[in-house]
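Work through the exercises below with the structure open beside you, and try each task before you read its solution.

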Amino acid sequence: MKRVYMDHAAATRLLPEVREAMLPYLADVFGNPSSLHDWGDPAREAVENAREQVARLIGVEEPEEIIFTASGSESNNLAIKGLAQAQQNKGKHIVISAIEHFSVLYSARAMEKAGFEISLVPVDKYGMVNPEDVRKAIRKDTVLISVMHANGEVGTIQPIKEISEIAKENRIVFHTDAVATCGNFPVNVKELGVDALSLAGNQFYGPKGSGALWVRRGVRLIPLIDGGIQEGGWRAGTEDVPAIVGLGKAAEIALKDLNSRMQKLIPLRDKLLKELPEKVGHVVVTGHPQKRLPGHASFCVEFIEGESMLMLLNSQGVGVSSGSSCTSRALKASHVLLAMGLSHEVAQGSILFTLGVGNQTEDIDYILEIMPPIVKRLREMSPLYAKYVKAGKGE
Amino acid sequence: MPVYSEKVMDHFMHPRNVGEIENPDGVGEVGNPVCGDMMTFYIKVKDNVIEDVKFKTFGCGAAIAVSSMVSEMAKGKTIEEARKITPQLVADELEGLPKQKYHCSNLGAQALNKAIDDYLSKKK
């Protein structure tokens, strides 16, 4: 059976060069980077080298401003909680978009318990934030704005530069969750104009358990993990040297390969975005048609539910994701799709294809071949579809 | 480890009794798209025995497997016997359901009961 992996937003395959770079640190180079001897020195050098590689990927001139973490979620927790707490004497109001990743959303919610207030900025039908809505949400006591660079579920790229200008005018710290974009789409902290940025290695062919937060020097931050003075005192705990080395190598390769990755993935994405709705019918493309992540094609298929679609695709060798409530452990429809104004009914039909460097045109052709019968089969079973047909609108 | 048992996968991949019954003796509809699953059960009853069962389901793999299993369990049973089909029995017959799916997707018995209610109310 043909096997097609199209769930790169969930996990990417480690590049062979990344694995090779990590291996010594799982074997002979086992020293603690904090140790001042021949065992510690090469480990420390490896960590600092990775810091430079990550800094270069996002256009940061001072590598010391990079804090290694264990995931994108940790980076976002550190950013939201750490940047907010550090400024609580100035004010206790945080502005975030309605479609942030749970690690931003629930970090902000956690700050409510510490007396902060949260404003959620809405998005339009494409999942796009209007910078003017951010301006409207700003209050005298706003100390932090966080808007993601791109949403991993619908792929929409946000107008971060425009929002950063508004943040600057109002002298408010601006963080962006760039977990979905880093390594897949150009990210430059100077061009974006942000003060802090989260990224994760597993999104661009690096290891799981690798992440980083960049915070501009001079911006105050309170650590989440207290202890030793690793990571400049911003994150205590012995460094995960193999993961950090892997993240650094993945960043180096991403910087070199970014253009070719994008040139490869965009035509594949566009083929799927155009042809799947044509072939299947009653399919809504979710997210912005053009301003979206290079390998990201997301849809809602009407009258059927995402998990059953996902399972039938899996039975034919295709791995994808869905934002339906049945696929979420929380059993709630995606807050992203609902914020975009989709009904619960339509949001249940969420299906998400995220392409990676290993995908080929034939993979898209295979999806386009097997999706129509899968959808037909589930629609024939669906009471919603039966009602629609009976109402005389079908076929 | 797969999320679903082999039995659930079998009923999901090869659901029994999908469809509608023309002029059914009872119809039962449960669920709504907000919680994710919707089921409609149709029954044909003769001499107090459920002669035929059909269903349509909008929902996840568990919801489809549950519907299929309930339809199989109910077929050929008397109304009284069919009343004894509980969500727990259905889950047991399916060799278990994931914990988080138990409440939202295990609506089959409820839909069948509603169809029986409908049949009995029409009979009066």
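The exercises that follow concern a predicted model, and each solution goes step by step.

**Exercise 1. The two domains of chain A**

Task: State which residues belong to domain 1 and domain 2 of chain A, and describe the contact between these domains.

Solution: Begin with the domain assignment, which gives domain 1 of chain A as 4-9 + 259-390 and domain 2 as 16-254. Next, take the centres of the two domains over C-alpha atoms, and you will find that 29 Å separate them. Then turn to the contact, to which domain 1 of chain A gives 19 residues, while domain 2 of chain A gives 20 residues. On the side of domain 1 that touches domain 2, the elements giving two or more residues are β10 (296-301) and α10 (335-339) of chain A. Finally, sort that side of domain 1 by class, which yields seven nonpolar, nine polar and three charged residues.

**Exercise 2. Two helices of chain A**

Task: Decide whether α8(A) is roughly parallel or roughly perpendicular to α12(A), and name the residues that make their contact.

Solution: The first step is the angle, and helix α8 (residues 241-280) of chain A packs against helix α12 (residues 361-381) of chain A at about 20 degrees, with the axes 10 Å apart. Angles under 35 degrees count as roughly parallel, so α8(A) is roughly parallel to α12(A). The second step is the handedness, and α8(A) passes α12(A) in a right-handed crossing. The third step is the list of residues: α8(A) contributes Leu268(A), Lys271(A), Leu272(A), Glu275(A), Leu276(A), Lys279(A) and Val280(A), and α12(A) contributes Thr361(A), Ile364(A), Ile367(A), Leu368(A), Met371(A), Pro372(A) and Val375(A). Sorted by class, this contact has 10 nonpolar, one polar and three charged residues.

**Exercise 3. A sheet of chain A and the helix packed on it**

Task: Give the order of the strands in the open sheet of three strands in chain A, and find which strands α8(A) touches.

Solution: Follow the strands across the sheet, and the order is β9-β10-β12 (chain A), with antiparallel pairing. The edge strands are β9 (283-285) and β12 (350-354) of chain A, each of which pairs on one side only. Neighbouring strands of this sheet are turned by 25 degrees against each other on average, with direction ignored. Now look at a single pair, β10(A) and β12(A), which are joined in the antiparallel sense over five bridges; here Ser298(A) has Leu352(A) in β12(A) as its bridge partner. To finish, add the helix: α8(A) packs on the sheet and touches β9, β10 and β12 of chain A, its direction making about 15 degrees with that of β10(A).

**Exercise 4. The sheet of chain B**

Task: Identify the edge strands of the sheet in chain B, and find the helix of chain A that packs on this sheet.

Solution: Start from the strand order, which is β1-β2-β3 (chain B) in an open sheet with antiparallel pairing. The edges are taken by β1 (26-32) and β3 (49-58) of chain B, and each has a single partner strand, so one side of each is left without a neighbour in the sheet. From one strand to the next, the twist averages 15 degrees. Next, consider β1(B) and strand β2 (residues 37-46) of chain B, which pair in the antiparallel sense over seven bridges, and note that Gly26(B) stands opposite Ile43(B) in β2(B). The helix asked for is α13 (residues 383-390) of chain A, which touches β2 and β3 of chain B and makes about 85 degrees with the direction of β3(B). From chain B itself, helix α6 (residues 108-123) lies across β1 and β2 of chain B, running at about 140 degrees to β1(B).

**Exercise 5. Where the chains meet**

Task: Count the residues in contact between chain A and chain B, and say which element of chain A gives the most to its side.

Solution: The count is 19 residues of chain A in contact with 20 residues of chain B. On the chain A side, α9 (306-315), α11 (344-347) and α13 each supply at least two residues. Of the elements of chain A, α9(A) gives the most, with four residues. As a last step, divide the residues of this side by class, which gives eight nonpolar, seven polar and four charged.

Notes:
Residues are numbered from 1 along each chain as its sequence is written. Chains are lettered from A and ligands numbered from 1 in the order in which they are written. This is a predicted model: local features need pLDDT of at least 70, side-chain atom pairs count only at pLDDT 80 or more; totals for chains, interfaces and linings use all residues. Domain bounds come from an automatic or database domain assignment. Two residues are in contact if their C-beta atoms, placed from the backbone, lie within 7 Å. Ala, Val, Leu, Ile, Met, Phe, Trp, Tyr, Cys and Pro count as nonpolar, Asp, Glu, Lys and Arg as charged, and the others, Gly among them, as polar. Axes are lines fitted to C-alpha atoms, for helices over the stretch in contact, and angles run from 0 to 180 degrees between N-to-C directions. Angles under 35 degrees count as roughly parallel, over 145 as roughly antiparallel, 65 to 115 as roughly perpendicular and the rest as oblique. A crossing is left-handed if the near helix is turned anticlockwise from the far one by less than a right angle, and right-handed if clockwise. Two strands pair if DSSP finds at least two bridges between them.
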